[in-house]
Amino acid sequence: MSEVKYLTEFYHLPEFKGLEGYKKNGGYVQLAKALKMQPQAIIDEVKASGLRGRGGAGFPTGMKWGFLPKNDEPRYLLCNADEGEPGTFKDRMMMEKAPHQLVEGMIISAFAINCKKSYIYVRGEYDDSINALNTAIQEAYKAGLLGKNILGSGFDHDMDVYRGAGAYICGEETGMISSLEGLKGQPKLKPPFPAVQGYLKKPTIVNNVETLAAVKYIMRDGAAGYRKYGTEKSAGSKLFSLSGNVNKPGNYEVPLGYPLKDMINVLGGGIKNGKKLKAVIPGGSSAPVLTAEEALKATLDYENLAAAGTMLGSGAIIVIDDSKCMVECLANLTHFYHHESCGQCTPCREGTGWADKIVHSILSGKGRLQDIELLVKVADNMKGRTICALSDAAALPIISFVTKFRDEFEYFVREGKSKVKGTAYKGHAYAATASH
Amino acid sequence: MAVMQNTSEKSKWYLPGILTGMGITMRHMLKNIFNKKEMITLNYPEEKYEYSPRFKGNHILTVKKDGAIRCTACMLCATNCPADCIKITASEHPDPHVEKYPIAYEIDMLRCVFCGFCEEACPVDAIRLGPEWQTPGLNGANFTYDIKHLAYRPGLKGGIQSVVDDQERLKSGI
Amino acid sequence: MQQQPLINCTINGVALQVKAGSTIIEAMYENQQKIAHYCWHPGLSIAGVCRLCMVQIEGNPRLQIACNTVVTEGMKVNNTSDQVVEAAKWGLDFHLINHPLDCPICDQAGECGLQEQYMEFGKYNSEMSEKKQKKHKVVDLGPTVVLDSERCILCSRCVRFTDEVSKTHELGIFNRGDHAEIGTHAGKPLDNKYSLNTVDICPVGALTSKDFRFRQRVWFLKDAETVCNGCSTGCNVKVYFNKEGVFRVKPKRNDAINGHWMCDEGRDVYKFVNKENRQIKGHKLANGQWHSELHAGAAAKDASLSLQGATGNDIALVVTGQHTVEELDAIVSTFVNTYKTKNVYHWWNSEATASEFDGILLRGDKNPNTKGLQQVFAKHGIATKFSDLDPAKVKHLVVVGPENIPVYKDFTAKLEFFAKAQNLIYMTSAKVDSLVANKSLKSATIIPLKTYIEKSGTFINHAGVSQTFKKVTTVVSEALTVVEAAALLAGQEIKIETLNPKNLFVAANKPADQVTLDFRKKNEFIFQRGKL
């Protein structure tokens, strides 16, 4: 197996960004085809393709669409382009290089679920993506691909880009809905789920950029064609954002089931500066870390990584070499989650702060041995106790870092310096003075 | 109670007994006159015995470094008092770090049983039982001590500072 | 009304039938099962943020929150397993790690949700050794409420209250994570007629009432239920008092009348009850000289002597809707039967605004018992108009004055109007210095009355709902109820209830306003937060 060009087939062409170039390379053909189909047939096709959400949770897309109540209108389709997961940058590339790909995928999806209005919620920092999408949507309106009576099919659809204000929690679907409604970006209590009661209390489907873009290719190749790549339970190809201590970081599209080892060594060109692999975070910062041995055995698909005790997540592979101190790495993560917790549920609001303070007290040399155990206990009790998954996302890395690299933590507590670097922590002990 | 009476013949010779007794008295008197240092009695009330500072006598309200009353008017002493002799009126302090403080703090000494429960209940070391206990008074003397008397009476020389200091507490983030 | 179907479930091993669609926490409350919670309140929407009401549902590996999980047929729930207790303990610890623990100066101490749950699940040493998060203290939210952000557990009850009940939207949560704080926007203070409800529903000491702040520790107070006499809604309230007087009023849940809430005006109603605002001694004006040290009963007897032989148009009675049905009936029947007159007038301060209603609780009629008064008048066949009353033409004028003077805007003017009578007998619970200072009076008697919390009786509210309440406490022991005054005015003796000496020392016969040491200890269990 090697890298594939499926979604990213024409990404090397600068013209693919514009409507003309996009149409020249097979754009909006599938839309015309889809508009002649029965909406239910599209949903069935997506179901059959085994497409799973590419945003992180990996929920089967077709099944999600099936949850919509039969007769409740209006319905909304939201594209989650609030790509906040540390290490992830695939959606950005997709939006900048092929905005029409997303727009077409969204119109097809909207037609399938009979929705008249959709929004693309883009992360506030993604200026280029927002501009690209806005241009693309304008072009689409001019070409009659959006608006009233699309391509003479009688289907009306409007699309808007909404710029986020830069909160990680707005990447959570109900947090995003709150933000879109003009409220504070805080996740909503479930049930009711968004598919039943979402944006403005109407049925709402929230999908990732890559998921919606993939719908077009399912239309093109059919479910069976889409299943050409990937495994039985993880169908299709996926974009992975490779970063960290590798020679060639970047976005790589590979079929699901691709070995993580090859991702690092072949596509990534091996570890930088000839160092040795120490650990890999395979699915964005929320995914539990894998040690080098585990990473070399793992393949990049939902079920294999789940079996290894971690998750595919958003497909952000962060490679850590053996010169990095795991305590410092964890401090980076706990600080992030402390900063980004929305503060709604108590275990997350207080737990992320507490864990951050403990890790930083270890870093500043004031740690106690029982702190390591306490850290795991705090994380354990944050897990599964909150409205959204941010608490789990904060807790899982803590548990995996501490259990898999316990020796480094114990060394740091005992000696007051890093086992790997042999020096004390030089960064800010921001936890104590954190201000936002 | 029956009293035993010595009715023996020998007891009729009382003079030697009296003389022995007076001898002992005389010996002590002379010893006290010529060796005043070893005298074990005090010229009360001109002289007074110094009690241990841990003696549970009259109450003292401790003060902070700046001389303000330490009491936060939590009323735990009043709650705990078995004699129900403490009466506190709380009020809002202009300084938001202090928040609550007593504008009146009265202890009815005649009801007090000097059990020291107030001292034990106090979370901020604001009330202590001091070594002072000889506080007699005439008819009409006021035995309900007010806040001024409890904290700043002349014997306390401007107030007793307690050990815990607010600034230090704030600094250590308690 | 259609009956809701019942469904079966098992909670903590007890088989129950609950209404379909009710949540687990509602089912548990209805069946007197204990469950810890902060953010859930029966009168507000579900927030699901405190994560303390964790329950274990058979067949579900993860603990679920009871407040947002609907009971389904055959569901087996328990909240006593080790897993749940551990979760609740940690949930509580998360609440407490940044809590300042300033219970000694916190007004909520004694009725605090955190203290209560700590006694239930906690009793452990905190493992938190890092510095606590500093937040704002003593934040002035508005004219009635003070906020302490450090104590706040961000349950959002107050925010939901201003959004859903008062619909004034003043409060919000600012910032995120452990920096989040409750607050108001600049220039938009928490200033509405129901603002103090936020203090009631605050499970911790974050919101405190400026009126009650630092005045008493709650464990020195006893509570009893009565009916608010602030307006014709007749909210059910709890009055908190001790031997020094009444200190605060809180609402008591009654879904038919006031739900969970009461207005801020009603909370001020206790103020005229306390001794400093009360008429304590009877007064008598004779030969241009005020005798001001009369006992209430003596004053009433004097008054009855002066009324002897008066009948028909010589005499008139003025009553207000501020007294109970029993009292009004007693005084009106005294006039109708003993003095053979139907010159009874209804002094109604807010007749013009009586039908006003703000949509929540407040009504324009500021008398609790106007309906009751009208029923008493109807019973005795009295149909007079207040405008027909001319005190100058009446020899003896008996006025049963209002308790809640602030709502009687024309009070002083009316007193001067009454003072034109030759002989004025004024019964009042409130101090009437202006009457004593009035030089035009010829002959007058002032009889101290008891207030609504010092007597048992019945109020009939705007909707005709009759609510009987019991005496709460006695503030001015020598004052008379109108029933007693009516008997004395009629020349009868009043029956004084005496206790059987045998029962004197039995606990049940203790006078209600004595706060004994026993009671203080008991109070710790009387105050149950979250069970409004």
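Which residue follows α15(A), and is its phi positive or negative? I looked it up in this predicted model. A:Gly384 comes after α15(A), and its phi is positive, near 70 degrees.

**Entry on the helix itself.** I checked the length of α15(A) next. At 1.5 Å a residue, its 14 residues should span 20 Å, and I found the end C-alpha atoms 21 Å apart, so the two agree.

I then listed its buried residues. They are A:Asp371, A:Ile372, A:Leu375, A:Val378, A:Ala379, A:Asn381 and A:Met382. A general point helped me read the list: an α-helix has 3.6 residues a turn, so residues three or four places apart point the same way.

I asked what these buried residues pack against. Within chain A, the partners are α14, α16 (390-404) and α17 (406-415). Chain C adds α2 (82-96).

**Entry on chains A and C.** That led me to the contact between the two chains. I noted 27 residues of chain A in contact with 27 residues of chain C. On the chain A side, α13 (326-340), α14 (346-363) and α15 (369-382) each supply at least two residues. α14(A) gives the most, with 11 residues. By class, this side of chain A has 9 nonpolar, 14 polar and 4 charged residues.

**Entry on the other chains.** Of the 2 pairs of chains in contact, A and C share the most contacts. For the pair of chains C and B, I noted 10 residues of chain C in contact with 13 residues of chain B. The side of chain C that touches chain B has 5 nonpolar and 5 charged residues, and no polar ones. Chains A and B have no contact, and their closest C-alpha atoms lie 11 Å apart.

Methods
Residues are numbered from 1 along each chain as its sequence is written. Chains are lettered from A and ligands numbered from 1 in the order in which they are written. This is a predicted model: local features need pLDDT of at least 70, side-chain atom pairs count only at pLDDT 80 or more; totals for chains, interfaces and linings use all residues. Two residues are in contact if their C-beta atoms, placed from the backbone, lie within 7 Å. Helices (H or I, at least four residues) and strands (E, at least two) are DSSP runs, numbered from the N terminus. Ala, Val, Leu, Ile, Met, Phe, Trp, Tyr, Cys and Pro count as nonpolar, Asp, Glu, Lys and Arg as charged, and the others, Gly among them, as polar. The expected span of a helix is 1.5 Å times one less than its number of residues. A residue is buried if 20 or more other C-beta atoms lie within 10 Å of its own, exposed if 12 or fewer, and partly exposed in between; C-beta atoms are placed from the backbone.
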